[in-house]
Amino acid sequence: MLKVLCKCLLVLSTPFWAIAQATSVVFLNPGNSNETFWVSYAQFMQAAARDLGLDLRVRYSERNPDTTLFQAREALQGPERPDYLVLVNEQYIAPQILRLSQGSGVKLLIVNNALTADQIELLDAGKYPNWIGSLVANDEQAGYLMLTQLLRQHGPVAPGQTIDLLAFSGAKTTPAAQLRERGLQRALADHPQVRLRQLVYGEWSRERAFEQARQLFKRYPQTALVWSANDEMALGAMAALQDSGRTPGRDVLFSAVNSSPEVLQARLDGRLSVLVAGHFTVGGWAMVLLHDDARGLDIAKYGGRERTLDLFQLIDPELARRLLQINASQAYGVDFRALSAQGKPTAYRYPFSLQLLMH
């Protein structure tokens with residue numbers, strides 16, 4: 001009798017989420033499984049999922065949209081469907097996945113690259129009640145910040161003089177790349193002394209940007225600034241400049257997005273003059289939203305369905321050192337459960353920010 005009573009007490013003292021089957025999530029990761037940004041992105045997601053009691057499975061497409069579609073079909077129409085599918089509108093692939101989701105019973109959340117205005121117009125969103133929204137960082141602000149900070153470091157030019165700029169964007173069919181470009185164009189409009197000599201699409205690739213930069217530095221020898229939409233392209237362009245006998249950070253100022261160990265070290269060494277980062281956290285914050293949705297909360301009440309977060313921050317040397325420590329240890333120090341809207345007033349807004357990692 002005592003044993004039975006003890007068992008009953010044990011069950012009663014065990015949280016409901018530990019007894020019930022864990023909420024299952026599949027993340028369709030558009031990157032390569034050895035690509036620093038997307039690997040660190042998935043690691044932060046897994047840390048959040050563990051803390052929140054979610055069962056997260058990450059599937060990499062190795063930058064092949066056909067693979068993403070195959071994985072989506074498997075998750076949405078196969079025998080073992082997850083409760084949630086998290087996807088990225090990389091290469092405009094989200095509408096096809098939304099169509100595949102009809103009748104699946106799987107809820108969808110879009111991260112990092114939201115649907116474009118044209119896609120929303122073509123899609124009847126009402127047809128997809130299981131699409132619960134999107135969560136993205138403010139990519140336009142990242143693009144704007146990079147050029148304005150490069151100019152701050154470069155210093156003023158004499159009246160009538162110009163500053164030559166080269167720009168490396170990502171993939172043409174990726175909303176994040178387009179928004180970062182839009183930020184660049186806004187900064188150019190604010191600073192007419194800057195002359196954009198050429199913008200090329202480096203496809204997020206170090207090797208491609210290296211080859212492009214070798215030609216561009218020959219074509220535009222007066223280049224003083226280089227704007228890059230990610231870290232890999234910046235590192236490729238910096239290597240090309242070094243091959244030409246010049247020094248990044250002294251002869252030409254470079255900017256980049258992301259927080260890979262290599263680019264953080266370049267920021268500390270002074271080879272990289274401007275770095276913005278923070279959006280590797282988007283997937284982790286998405287786990288908080290799914291945790292709350294699974295508990296029956298209407299997450300739209302706490303900030304809307306379509307969320308654009310000001311996650312990008314300028315990474316100074318002190319922040320670079322902190323992020324290097326985090327990269328090495330994967331100890332983020334974030335209490336994801338405390339971020340839940342459960343039990344909080346409707347005025348509550350999720351306080352998602354890189355600062356949560358910086359204590």
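This section describes the two β-sheets of the predicted model, together with the helices that pack on them and on one another.

The first sheet is open and comprises 6 strands in the order 2-1-3-4-5-11, with parallel pairing. Strand 2 (55-60) and strand 11 (306-309) occupy the edges; each has a single partner strand, so one side of each is left without a neighbour in the sheet. From one strand to the next, the twist averages 20°. In general, strands of a sheet pair through backbone hydrogen bonds, in either a parallel or an antiparallel manner.

Within this sheet, strand 1 (residues 24-29) is joined to strand 3 (residues 84-88) by 3 bridges, and the two strands run parallel. Phe27 has Val86 in strand 3 as its bridge partner. Strand 1 is also joined to strand 2, here through 6 bridges and again in the parallel sense. At this pairing, Val26 stands opposite Arg57 of strand 2. The connection between these two strands involves helix 3: strand 1, helix 3 and strand 2 form a β-α-β unit that is right-handed.

Two helices were examined for their placement on the first sheet. Helix 3 (residues 36-52) lies across strand 1, strand 2, strand 3 and strand 4 (107-111), and runs at about 170° to strand 2. Helix 5 (residues 94-101) lies across strand 1, strand 3, strand 4 and strand 5 (131-137), and its direction is at about 170° to strand 4. Strand 1, strand 3 and strand 4 are thus among the strands in contact with helix 3 and are likewise among those in contact with helix 5.

The second sheet is also open and contains 6 strands, in the order 7-6-8-9-10-12, but its pairing is mixed. Its edges are formed by strand 7 (194-201) and strand 12 (313-314), each of which pairs on one side only. Strand 8 (residues 223-228) pairs with strand 9 (residues 253-257) in the parallel sense over 2 bridges; Leu225 stands opposite Leu253 of strand 9. Helix 7 (residues 139-154) lies across strand 6 (163-169), strand 7, strand 8, strand 9, strand 10 (274-277) and strand 12, running at about 155° to strand 8.

Contacts between helices were then considered. The axes of helix 9 (residues 206-219) and helix 10 (residues 231-243) come within 7 Å and cross at roughly 40°; the two helices are therefore oblique to each other. Helix 9 passes helix 10 in a right-handed crossing. The contact involves Arg206, Ala209, Phe210, Ala213, Arg214 and Phe217 on the side of helix 9, while the residues met in helix 10 include Glu232, Met233, Leu235, Gly236 and Asp243.

For helix 11 (residues 261-269) and helix 13 (residues 317-329), the axes come within 9 Å and cross at roughly 155°. These helices are therefore roughly antiparallel to each other, and helix 11 passes helix 13 in a left-handed crossing. Pro261, Leu264, Gln265, Arg267 and Leu268 of helix 11 meet Pro317, Ala320, Arg321, Leu323, Leu324 and Asn327 of helix 13.

With regard to annotation, the unreviewed UniProt entry assigns "domain: Periplasmic binding protein" to residues 25-281. Over residues 25-281, the chain is 44% helix and 23% strand, and the end C-alpha atoms are 17 Å apart.

How values were computed:
Residues are numbered from 1 along each chain as its sequence is written. This is a predicted model: local features need pLDDT of at least 70, side-chain atom pairs count only at pLDDT 80 or more; totals for chains, interfaces and linings use all residues. Side-chain values use heavy atoms; hydrogens and water are left out. Two strands pair if DSSP finds at least two bridges between them. Helices (H or I, at least four residues) and strands (E, at least two) are DSSP runs, numbered from the N terminus. Axes are lines fitted to C-alpha atoms, for helices over the stretch in contact, and angles run from 0 to 180 degrees between N-to-C directions. Contact means heavy atoms within 4.5 Å. A crossover is right-handed if, with the strands pointing away from the viewer, the path from the first strand over the helix to the second runs clockwise. UniProt positions are given in the numbering used here, feature names are shortened, and annotations may be inferred rather than shown by experiment. Angles under 35 degrees count as roughly parallel, over 145 as roughly antiparallel, 65 to 115 as roughly perpendicular and the rest as oblique. A crossing is left-handed if the near helix is turned anticlockwise from the far one by less than a right angle, and right-handed if clockwise.
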